[in-house]
Amino acid sequence: MRGRPKASQLADSLRLPTFILKDDPLCSQVDPELFFPEEKEYSKTAYYVNIKAAKEICSKCPLVIECLEYALRNGPLEGVWGGLTERERYNLLRNERRKSL
């Protein structure tokens, strides 16, 4: 018998960060669409309500730092990761690069 795959193997096969499978972040307990709203599918108001709700969940998650670090290392990733949208993470990286020049 082969047994169940380890979380790290499953994460690799699904291209998910390992911490999502082994540490049970708060985002794994709600509808994932909350973190990946598509602007074209929602009114502007509904889109920003989803973003705000996702960020609220991130703000309470003990893994928010790991999640943000993952997104910054592996971006660009769509959706809210580590409490920031794709645009916010892009701006954060851009500002950090400017400071290092």
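A residue counts as exposed when its relative accessible area is over 50%, as buried when that area is under 20%, and as partly exposed in between. By that rule K99, with a relative accessible area of 65%, is exposed. The model described here is predicted. The protein has 5 helices and 0 strands, and 28% of its 101 residues count as buried.

**Overall make-up**

- From the N terminus on, the elements follow the order α-α-α-α-α.
- The accessible surface comes to about 7700 Å², and carbon and sulfur atoms account for 53% of that surface.
- Among contacts between residues at least 6 apart in sequence, 36% join residues that are at least 24 apart.

**Salt bridges**

- The count of salt bridges in the protein is 3.
- One of them joins the side chains of K55 and E88, with an N to O distance of 2.5 Å. This pair links distant parts of the chain, since K55 belongs to helix α3 and E88 to helix α5 (residues 86-100), 33 residues apart.
- K55 has a relative accessible area of 25%, so this lysine is partly exposed. E88 has a value of 29% and is therefore also partly exposed.
- Another salt bridge pairs E56 with K60, whose closest N and O atoms are 3.3 Å apart. Because these two residues are 4 apart in helix α3, about one helical turn separates E56 from K60.
- The partners E56 and K60 fall into separate accessibility classes: E56 is partly exposed at 42% relative accessibility, whereas K60 is exposed at 57%.
- K99 and E96 also meet through their side chains in a salt bridge, at 3.6 Å from N to O. Both residues lie in helix α5, where they are 3 residues apart, about one turn of the helix.
- In this pair, K99 is exposed because its relative accessible area of 65% is over 50%. E96 has 42% relative accessibility and so counts as partly exposed.

**A buried residue in helix α3**

- N50 is located in helix α3, which covers residues 44-60.
- The relative accessible area of N50 is 15%, which is under 20%, so N50 is buried.
- Leaving aside residues up to four places away in sequence, N50 touches E33, L34, P37 and Y42.
- Helix α3 thus holds N50, which is buried at 15%, as well as K60, which is exposed at 57%.

**A negative patch on the surface**

- D23, D24, E66 and E69 form a negative surface patch.
- One of these residues, E66, is part of helix α4, which runs over residues 64-74.
- E66 counts as partly exposed because its relative accessibility is 34%. A residue needs over 30% relative accessible area to be included in a patch, so the value for E66 meets that cut-off.

**Points to look for in the structure**

- Which parts of the chain does the salt bridge between K55 and E88 link? The two residues sit in helix α3 and helix α5.
- Which residues does N50 touch, not counting residues up to four places away in sequence? The contacts of N50 are E33, L34, P37 and Y42.
- Is K60 buried or exposed? K60 is exposed, with 57% relative accessibility.

Methods: Residues are numbered from 1 along each chain as its sequence is written. This is a predicted model: local features need pLDDT of at least 70, side-chain atom pairs count only at pLDDT 80 or more; totals for chains, interfaces and linings use all residues. Side-chain values use heavy atoms; hydrogens and water are left out. Patches are made of residues with over 30% relative accessible area and no salt bridge: like charges are joined within 9 Å, nonpolar side chains (Val, Leu, Ile, Met, Phe, Trp, Tyr) within 5 Å. Accessible areas come from the Shrake-Rupley method with a 1.4 Å probe; for residues, only the protein chains shown count as cover. A salt bridge is a side-chain nitrogen of Lys or Arg within 4 Å of a carboxyl oxygen of Asp or Glu. Lys and Arg count as positive and Asp and Glu as negative; His and the chain ends are not counted. The place of a charge is taken as NZ of Lys, CZ of Arg, CG of Asp or CD of Glu. Buried means under 20% relative accessible area, exposed over 50%, partly exposed in between (1.4 Å probe, protein chains only). Contact means heavy atoms within 4.5 Å.
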